[in-house]
Amino acid sequence: MMNKLGITASQTVGPFLKIALEGEGQEHVVSEKTEGALKIHGYVYDGEGQPVPDAVIEIWQANVHGKYNHPEDTSEADLVPDFSGFGRSCTDEDGYFFLVTLKPGRVAGRGNSLQAPHAAVNVFARGMLKQQVTRLYFSDEVDANSEDPVLNSIEEEAARKTIIAQLDDVEGIPTYKFDIHLQGKFETVFFDV
Amino acid sequence: MTDLAGYSRKSKDDHPPALYEEYKSTSLRHPKRELIRIDHTLTEITGPLFEDTELQSGEDDLSIENNEDAQGQRIFVSGRVLDENAKPVPNTLIEIWQCNAAGRYRHPGDQHPAPLDPNFVGRGRVVSNSKGEYKFTTIKPGAYPWGNHYNAWRPAHIHYSLFGPSFVTRVVTQMYFPDDPLFPFDPIYNSIPDESARERLVSRFDLDTTEPDFALSFKFDFVLRGREATPFED
């Protein structure tokens, strides 16, 4: 086996991440006027339930047809012009973040499985030496969620619920609540990828 | 069916742990539950590519603002983005932020009473070229105090955010400068368990790429996770 190069280790984003990571329009994967647009919003909390005002939440998702805008996705589903699938939101002083996007289609899982609509989520913050990875699923996808291999790998139902965004408002555009608890009683399920 | 080859996992041991007691803010910001392993699917193997990102002129030069030179020692930082298999990572976005030469960030949360520099913002972006190479110009950042413990000072560093070719190659890190006397006292640097992994975050002075009468030069290579050699059958 060839000797591999050692990787570049992670370090915290620190408290001043907004200098570079905050930018106009990054929360909008699509405009709110796009047909099917939905909002994902929530708060980031620490182990004492205090808001985390210096976090960055990033999502990566497939388009409405279940196709990633990436050459490794060789499925026959259609690409959607101008849909990148990437969004980013820096939390404000209350720990609040939001993203506007479309619900992704279902993409293949391992083997012959099919995954429920979901986004991959990276969470960075001061006090985190490396990011934590989670996923976001949708509460109104009950059937698809019930057969998702990753959701089903979480044994406790209460834990599974921490990564299912709850449809809580349909005023204007559908809005899903997705709080992230870095630690504590309601600790979000995080993944080793 | 045959699944796509995933990304290697062993290299992740070089990252710091989520809880490192000497860095106090980790105590309430690390998960206590065990992480659940996801075998890589299309979700993890793909990721945002930013191939259409159009950089504005000057985004790769932090040393000039309002057509005026920033205070401090001008430096170039250059190197390559590679993966573990030594394969170049082309066209990848690198976001950069740092404090000024006096050790002050242009951020309302930074209360360190060192002066702000009207000609220094401390934000930049570059994209690696087809060979994985990148270069930018900036000012050597200063060390600054922070509240982690009595008389705590961060060694001079530049923050970087990189994406690479997939969701799982994403990394945010900090680059340090050679021979910094603050290394032994910095819990963020020392949170990395392996000594050689720590040393890989230290840039190298390079006389050959300095520019006489203009700027010093430091070299720094990024190494992102690489693919496993072969796909395996499920």
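Which residue stands opposite Phe191(A) in β1(B)? Keep that question for the stop at the chain boundary. One caution before you start: this is a predicted model.

**Stop 1: chain A as a whole**

Select chain A and colour by secondary structure. You should find four helices and ten strands. Starting at the N terminus, the order is α-β-β-β-β-β-β-α-α-α-β-β-β-β. The radius of gyration is 17 Å, close to the 16 Å that the globule rule gives for 193 residues, so chain A is as compact as a globular protein of that length. Its C-alpha trace spans about 55 × 40 × 35 Å along the principal axes. Of the 193 residues in chain A, 49% are buried. Now think about contacts with a separation of 6 or more: in chain A, 70% of them join residues 24 or more positions apart.

**Stop 2: strand β6 of chain A**

Select residues 132-138 of chain A, which are strand β6. Is this strand enclosed or open? Six of its seven residues are buried, so β6(A) is largely enclosed by the rest of the structure.

Add residues 118-125, strand β5 of chain A. β5(A) and β6(A) run antiparallel, joined by six bridges. Pick Val123(A) and look across: Gln132(A) of β6(A) stands opposite. The two strands form a hairpin, with six residues between them. Within that turn, click Gly127(A), whose phi is positive, about 85°.

Next, add residues 164-169, strand β7 of chain A. This partner pairs with β6(A) in the parallel sense, over two bridges. Phe138(A) stands opposite Ala165(A) in β7(A).

**Stop 3: the nonpolar core**

In soluble globular proteins, nonpolar side chains tend to be buried together. Here the largest nonpolar core has 88 residues. Show Ala55(A), Phe124(A), Leu136(A), Tyr137(A), Ala165(A) and Leu224(B) as sticks; these touch the most other core members. β5(A) gives the most to this core, with six residues.

Centre on Phe124(A). What does Phe124(A) touch, leaving aside residues up to four places away in sequence? The answer is Val13(A), Ala55(A), Val56(A), Gln131(A) and Val172(B).

**Stop 4: where the chains meet**

Show both chains. The contact takes 57 residues from chain A and 69 residues from chain B. On the chain A side, α1 (18-21), β5 and β10 (191-192) each supply at least two residues. By class, that side has 26 nonpolar, 20 polar and eleven charged residues.

Zoom in on β10(A) and on residues 36-37 of chain B, strand β1. Two bridges join these strands, which run parallel. Here the opening question is settled: Ile36(B) stands opposite Phe191(A).

**Stop 5: a loop in chain B**

Finish at Ala114(B). Find it in the loop between β5 (93-97) and β6 (123-127) of chain B. Is Ala114(B) buried, partly exposed or exposed? Ala114(B) has 16 other C-beta atoms within 10 Å. A buried residue needs 20 or more, and an exposed one has 12 or fewer. Ala114(B) is therefore partly exposed.

Now select its surroundings. Not counting residues up to four places away in sequence, Ala114(B) touches Ala102(B), Gly103(B), Arg104(B) and Tyr144(B). As a last step, draw a distance from Ala114(B) to Ala101(B), 13 residues apart along the chain. Their C-alpha atoms are separated by 9.5 Å.

Notes
Residues are numbered from 1 along each chain as its sequence is written. Chains are lettered from A and ligands numbered from 1 in the order in which they are written. This is a predicted model: local features need pLDDT of at least 70, side-chain atom pairs count only at pLDDT 80 or more; totals for chains, interfaces and linings use all residues. Two strands pair if DSSP finds at least two bridges between them. Two residues are in contact if their C-beta atoms, placed from the backbone, lie within 7 Å. Ala, Val, Leu, Ile, Met, Phe, Trp, Tyr, Cys and Pro count as nonpolar, Asp, Glu, Lys and Arg as charged, and the others, Gly among them, as polar. The radius of gyration is taken over C-alpha atoms; the globule rule is 2.2 Å times the number of residues to the power 0.38. A nonpolar core is a set of buried Ala, Val, Leu, Ile, Met, Phe, Trp, Tyr and Cys residues joined through C-beta atoms within 7 Å.
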